[in-house]
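The following note sets out a reader's points on the structure displayed here. Each point takes up one region or one kind of contact.

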Amino acid sequence: MRQNSGGRLLFKKYSAGKLRLCTMNLKNIMICPLANIVLLFLTCRPVVILQIGIAVLVVVWFFYFLITRRSPPKDTLFYVFAEFSFTCVIDLVSAMEHDGFISGFMEFYQKTGEPYLGTAYAIMMCYWDGIVHFIMYLMMIQRLWNSKSYRTLGLFWAGSLFANMSVFVTGIVVGKFGSDIRPAFWLNMPFLMLPIWGAIKLFNQPKNGPTLGGYRAHYDQSFNLIWRPTDLLLVLLLLGAMAFTLFRGLVALDSPLEACTIYLRQYEPYLKDPVGYPKVMMLHFLFYMLPMLGAFIYGLVVPGCTWMPDWTVFVAGGVAQCQWAHIGASLHPRTVAPFRIPDEAFLAVLAANLLYAVIPSLIAMRCTSNTNFFLTVTKLPGMEGMPWVPDADTLVEKKHN
């Protein structure tokens with residue numbers, strides 16, 4: 001009898017609790033019936049979130065297409081910039097909501113769509129996209145609409161967004177969220193593929209400056225590296241960046257070297273954060289950026305490397321974005337305390353990472369501000385043994401469409 005009484009009592013409590021829950025849900029549905037029905041449906045069908053995301057992107061693109069159909073842009077990248085500028089606002093809202101500045105906009109999507117957007121790395125990535133990329137999109141749209149060149153800025157954007165998404169997508173797959181990938185994950189694919197297409201398109205566009213050099217370029221290329229102090233300093237910085245890249249790559253690969261163990265424990269424990277992003281980033285740097293840094297040294301030593309201005313800008317964009325997200329995530333409160341930068345090594349680690357982020361940008365500034373050393377020199381009458389003439393024209397030939 002006691003056992004039956006306890007069972008009936010338990011059933012009554014359960015029924016009362018269930019009744020209260022149903023009453024609360026009924027009140028919510030009465031207050032906002034459509035929203036709650038939609039949320040309930042989306043919770044049961046995650047694939048619908050992917051479909052809605054695709055539909056929103058298509059509608060936004062179609063809107064831009066309609067408002068420009070009477071005067072269509074000559075460059076199809078206009079639609080990419082316009083579409084992505086819309087998503088920048090979404091990324092900024094997501095980052096601000098995760099940090100508690102606003103609320104009530106992205107909570108449902110964060111839980112059922114892409115939960116990894118709540119990681120420290122993704123939050124810093126969204127800030128970069130919502131602020132830096134957004135400004136670049138507006139600048140490129142303005143220049144494109146006025147028929148001005150945006151090639152250099154476009155290469156910086158392409159490098160930044162490609163590095164952003166390649167680390168982000170790979171980190172999702174290999175990190176702790178890899179076992180819970182939801183359909184909304186595939187919404188990231190356009191943001192990974194379109195920068196590649198944009199970079200190819202921009203690399204194939206005619207360059208802004210001269211393509212062939214004359215007397216002045218011949219004069220600048222006659223100096224050895226030892227007599228070019230700026231280039232010599234940049235080469236030394238590149239050598240240091242290469243050593244740092246190799247070392248952190250070994251740390252990410254769990255090298256048993258004592259120096260790697262000490263660095264991981266006392267300086268950058270964030271490299272072993274289970275979210276996977278820092279490890280993926282270090283491997284990207286090790287296998288892709290390390291050879292590029294070596295190529296940049298070659299380009300600063302050997303004259304006539306015409307590819308230097310474009311590739312230094314592209315790499316500078318990627319490194320700037322990656323280092324922003326890496327530094328910010330290693331300091332963000334959403335990163336578990338054992339993986340943050342220790343207080344004793346804070347200044348040293350911060351300085352090393354900031355310098356590492358700035359070096360490619362310094363190389364890009366050097367290569368784009370004075371391209372004489374990187375031009376192909378055309379043999380002109382009397383060039384051999386002829387002293388430099390300051391007023392000589394360096395522009396011999398320019399490529400045209």
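1. Surface patch. The model under review is a predicted one. Its surface carries a nonpolar patch of about 580 Å², to which Trp61, Phe62, Phe63, Phe65, Leu66 and Ile67 contribute. Leucine 66, one of these residues, belongs to helix 3, which covers residues 47–67. The relative accessible area of leucine 66 is 35%, so this residue is classed as partly exposed.

2. Aromatic rings within the patch. The structure contains 27 aromatic pairs. Among them is the stacked pair of phenylalanine 62 and phenylalanine 65, with a centre-to-centre distance of 6.4 Å and an angle of 25° between the planes. These two phenylalanines are separated by about one helical turn because they lie 3 residues apart in helix 3. Phenylalanine 62 is partly exposed, at 43% relative accessibility, and phenylalanine 65 is also partly exposed, at 33%. A further pair, phenylalanine 373 with phenylalanine 374, is edge-to-face, with 5.6 Å between the centres and 90° between the planes. Both phenylalanine 373 and phenylalanine 374 are buried.

3. Aromatic cluster. Which residues join Phe62 and Phe65 in one aromatic cluster? They are Trp61, Phe78, Tyr79 and Trp145. Of the cluster residues, Trp61, Phe62 and Phe65 also take part in the nonpolar surface patch described above.

4. Nonpolar core. In soluble globular proteins, nonpolar side chains tend to be buried together. The largest nonpolar core here has 89 residues, and those touching the most other members are Phe81, Tyr121, Tyr137, Trp157, Phe168, Leu238 and Leu300. Helix 6 supplies the largest share of this core, with 13 residues. Phenylalanine 81 is in contact with Tyr137, Met140, Ile141, Leu144, Tyr150 and Trp157, when residues up to four places away in sequence are left out.

5. Leucine 138. Helix 6 spans residues 120–145 and includes leucine 138. Is leucine 138 buried or partly exposed? Its relative accessibility is 43%, so leucine 138 counts as partly exposed. The C-alpha atom of leucine 138 lies 8.2 Å from that of alanine 82, although 56 residues separate the two along the chain.

6. Salt bridge between lysine 201 and aspartate 75. The structure has 7 salt bridges. In one of them, the side chains of lysine 201 and aspartate 75 meet at an N to O distance of 3.9 Å. This salt bridge links distant parts of the chain, 126 residues apart: lysine 201 is in helix 8 (residues 189–203), and aspartate 75 is in the loop between helix 3 and helix 4 (77–98). Lysine 201 is partly exposed, at 29% relative accessibility, whereas aspartate 75 is buried, at 11%.

7. Salt-bridge network. Arg228, Asp231 and Arg366 are connected in a network of salt bridges. The closest N and O atoms of arginine 228 and aspartate 231 are 2.5 Å apart, and both of these residues are buried. Aspartate 231 also forms a salt bridge with arginine 366, at 2.6 Å from N to O. Because arginine 366 is in helix 14 (residues 346–369) and aspartate 231 is in helix 10, this pair ties together parts of the chain that are 135 residues apart in sequence. Arginine 366, like aspartate 231, is buried.

8. Surroundings of arginine 228. Arginine 228 is placed in the loop between helix 9 (215–220) and helix 10. With a relative accessible area of 10%, arginine 228 is buried. Leaving aside residues up to four places away in sequence, arginine 228 touches Phe223, Leu300, Val301 and Phe373. Of these contacts, valine 301 lies 73 residues from arginine 228 in sequence, with 9.8 Å between the C-alpha atoms.

9. Backbone points to check. Most residues other than glycine have a negative phi. Serine 147 has a positive phi, near 60°. Serine 147 sits in the loop between helix 6 and helix 7 (151–174) and is exposed, with a relative accessible area of 62%. Aspartate 254 likewise has a positive phi near 60°. Aspartate 254 occupies the loop between helix 10 (229–252) and helix 11 (258–266), and its relative accessible area of 46% makes it partly exposed.

How values were computed
Residues numbered from 1 in each chain as written. Predicted model: local features only at pLDDT ≥ 70, side-chain atom pairs only at ≥ 80, totals over all residues. Heavy atoms only, no water. Patch = residues over 30% accessible without salt bridge, like charges linked within 9 Å, V, L, I, M, F, W, Y side chains within 5 Å. Areas by Shrake-Rupley, 256 points an atom, 1.4 Å probe, with all protein chains shown as cover. Salt bridge = Lys/Arg side-chain N within 4 Å of Asp/Glu carboxyl O. Helix = DSSP H or I, 4+ residues; strand = E, 2+ residues; numbered from the N terminus. Buried < 20%, exposed > 50% of the residue type's maximum accessible area, 1.4 Å probe, protein only. Core = buried A, V, L, I, M, F, W, Y, C linked by side-chain atoms within 4.5 Å. Contact = heavy atoms within 4.5 Å. Phe/Tyr/Trp six-rings, centres within 6.5 Å; stacked < 30°, edge-to-face > 60°.
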